[in-house]
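Thanks for coming. I have one structure to show today, and I will keep to its sheet.

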Amino acid sequence: MKGKYFQKPTEAERDRIPPGQYVTKGFPVLTYGSTPEIGTDEWKFRVWGLAQEKTFTWSGFMSLPQHNFTADFHCVTRWSKLDVKWTGAKVTDFMKLVDLDPKATHLMEHCYGGYTTNISLEDFLREKNFFAHTLFGEPLPAEHGGPMRLVVPHLYAWKSAKWINGLEFLDRDELGFWERNGYHRRGEPWAEERYAGF
Ligand SMILES: Nc1nc2c(c(=O)[nH]1)N[C@H]1C(S)=C(S)[C@@H](COP(=O)(O)O)O[C@H]1N2
Ligand SMILES: [Mo]
């Protein structure tokens, strides 16, 4: 009998696994520090920096068009989970509500609990990026970033900020938490952008 959590990928799956990654059937939790417990009634999401400052509430976010997404998820610690099913709102739909300064080129993702990660505006504005509040049809569990997280499928999962609560728009690339601790500033899995060069 095959193991429940680790299986040999099929040939079709193999094409979707970036170099140096292994498929897991479970969904490991990768968190630095403790898990914040945030109710949707107190949840707030702020935009600032090189954008008109605005604060969004949970109901504001929920009035965005809702979609189901299927995305592969690649952690730099070498596990990949294929076909994760999420529900939420597209980043591009959310950004229609943001009045961006044309000087903005990058942003910092901020979270409850203090985690940060940087991303370029170009990587952030991809059509396939989304904010998720539902995982496999259930409310997103707190350990996976509930009530709301960002998912950026084309970069290593440390860019997919859990408990996200703000976007700070910048005219330069600053470094977030893992990036200051030696991880790559971009983190593209197919190029194995794991660590910063020296
Ligand atoms: N706020 C916050 N977001 C985070 C992290 C974190 O520690 N804090 N870990 C990152 C890392 S390294 C990974 S691999 C994914 C893991 O998501 P998961 O715990 O839902 O598998 O979340 C990312 N987002
Ligand atoms: Mo990770």
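**The sheet around β11**

I will start with a single pair: tryptophan 48 has glutamate 168 in β11 as its bridge partner. Keep in mind that this is a predicted model.

Next to that pair, glycine 49 lies opposite phenylalanine 169, again in β11. Both pairs come from the contact between strand β2, residues 44-49, and strand β11, residues 164-170. These two strands run parallel and share 4 bridges.

Now the other neighbour. Strand β6, residues 106-111, is joined to β11 by 6 bridges, and here the sense is antiparallel. One position to look at is glutamate 109, which faces leucine 167 in β11.

How many residues of β11 are buried? The count is 7 of the 7, so the strand is largely enclosed by the rest of the structure. Buried here means under 20% relative accessible area. As a reminder, side chains in a regular strand alternate between the two faces of the sheet.

Stepping back, the order of the strands is β3-β2-β11-β6-β7, an open sheet of 5 strands with mixed pairing. Which strands stand at the edges? They are β3, residues 54-57, and β7, residues 116-120. Each has a single partner strand, so one side of each is left without a neighbour in the sheet. Ignoring direction, neighbouring strands of this sheet are turned by 20 degrees against each other on average.

That is the sheet. I will take questions now.

Technical notes
Residues numbered from 1 in each chain as written. Chains lettered and ligands numbered in written order. Predicted model: local features only at pLDDT ≥ 70, side-chain atom pairs only at ≥ 80, totals over all residues. Heavy atoms only, no water. Pairing = 2+ DSSP bridges. Axes fitted to C-alpha atoms, helices over the stretch in contact; angles between N-to-C directions. Buried < 20%, exposed > 50% of the residue type's maximum accessible area, 1.4 Å probe, protein only.
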